[in-house]
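Student: I'm new to this one. Could you walk me through it?
Tutor: Sure, let's look at it together and take it a question at a time.

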Amino acid sequence: EERYLAVIVAQSLRLTRLINNVLDFGRLEQGKKKYTLARVELVSFLETLIRSQEVRLAEAGLEVRKDFQVPGLEVEIDRDALEQALLNLMDNALKYTPRGGTVDVSLEANGLGQVCLSVKDTGPGVPPEKKERVFERFYRADPSRSRPGSGLGLSLARAVARGHGG
């Protein structure tokens with residue numbers, strides 16, 4: 001019974017993320033997306049988000065490696081939007097990275113008063129001819145039926161990054 005409940009909860013969370021992606025994408029398309037900025041200590045925010053995904057990542061046989069070079073850094077972000085973008089990137093890592101792989105989350109200052117947040121996995125990657133297209137809405141580099149998705153995750157993640165000056 002517990003296993004079935006875990007599956008139901010995981011699928012409910014996946015559907016919630018999908019619905020939020022579709023709704024947010026609609027707002028972005030209409031120019032109605034408003035970011036609600038708040039001052040946030042970024043490393044704590046990332047640690048909490050990663051901790052919330054540890055079970056899913058561990059079950060998939062993935063290791064998360066963190067490299068946060070700017071402890072204590074406070075930034076103004078829309079917590080919900082950035083969380084959604086990062087969860088989309090984590091979902092991609094879960095879909096495409098084979099067991100035993102890693103997900104690297106790093107944060108570093110660039111010396112220009114900006115920080116670079118990156119999520120990188122050890123999956124097969126995107127073929128060079130498809131790299132720009134993966135950010136198009138509804139585009140899927142691997143349309144295989146074995147990997148569920150809407151083709152909105154990377155497009156939304158890019159929009160959120162740009163909305164935050166990235």
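Tutor: One cut-off before we start: a residue is buried under 20% relative accessible area, exposed over 50%, and partly exposed in between. Keep in mind that this is a predicted model.

Student: Okay, so does Leu-13 count as buried, exposed or partly exposed?
Tutor: Leu-13 sits in helix α1, which covers residues 2-29. Its relative accessibility is 48%. Buried needs under 20% and exposed needs over 50%, so Leu-13 counts as partly exposed.

Student: Which residues form a nonpolar patch on the surface with Leu-13?
Tutor: The patch has about 270 Å² of accessible area, taken together. Leu-13 is one of its members, and the others named with it are Leu-5 and Val-9.

Student: Let's zoom out. What pattern does the protein follow along the sequence?
Tutor: Its secondary structure comes to four helices and five strands. Read along the sequence, those elements give α-β-α-β-β-α-β-β-α.

Student: And how much of the protein counts as buried?
Tutor: Let's put the surface beside it: the accessible area is about 10500 Å², with 53% of that belonging to carbon and sulfur atoms. The chain has 166 residues, and the share of them that counts as buried is 31%.

Student: At what angle do α2 and α3 pack?
Tutor: Helix α2 spans residues 42-59 and helix α3 spans residues 79-96. Residues that meet there include Phe-45, Leu-49 and Ile-50 from α2, and Leu-86, Leu-87 and Met-90 from α3. The axes are 11 Å apart, and the angle is about 35 degrees.

Student: What's the handedness of the α3 and α4 crossing, left or right?
Tutor: Start with the α2 and α3 pair, where the crossing is right-handed. Now take α3 with α4 (residues 153-163): they pack at about 145 degrees, with axes 9 Å apart. The crossing of α3 and α4 is left-handed.

Student: Which residues of α4 are buried?
Tutor: It helps to look at the contacts with α3 beforehand. In α4, Gly-153, Leu-154, Leu-156, Ala-157 and Val-160 meet α3 residues, among them Ala-85 and Leu-89. The buried residues in α4 are Gly-153, Ser-155, Leu-156, Ala-157 and Val-160.

Student: Last one: which residue with a positive phi follows α4?
Tutor: Go to the end of α4, which covers residues 153-163. The residue you want has a phi near 85 degrees, and it is Gly-165.

Terms used. Residues are numbered from 1 along each chain as its sequence is written. This is a predicted model: local features need pLDDT of at least 70, side-chain atom pairs count only at pLDDT 80 or more; totals for chains, interfaces and linings use all residues. Side-chain values use heavy atoms; hydrogens and water are left out. Patches are made of residues with over 30% relative accessible area and no salt bridge: like charges are joined within 9 Å, nonpolar side chains (Val, Leu, Ile, Met, Phe, Trp, Tyr) within 5 Å. Accessible areas come from the Shrake-Rupley method with a 1.4 Å probe; for residues, only the protein chains shown count as cover. A salt bridge is a side-chain nitrogen of Lys or Arg within 4 Å of a carboxyl oxygen of Asp or Glu. Helices (H or I, at least four residues) and strands (E, at least two) are DSSP runs, numbered from the N terminus. Buried means under 20% relative accessible area, exposed over 50%, partly exposed in between (1.4 Å probe, protein chains only). Axes are lines fitted to C-alpha atoms, for helices over the stretch in contact, and angles run from 0 to 180 degrees between N-to-C directions. A crossing is left-handed if the near helix is turned anticlockwise from the far one by less than a right angle, and right-handed if clockwise. Contact means heavy atoms within 4.5 Å.
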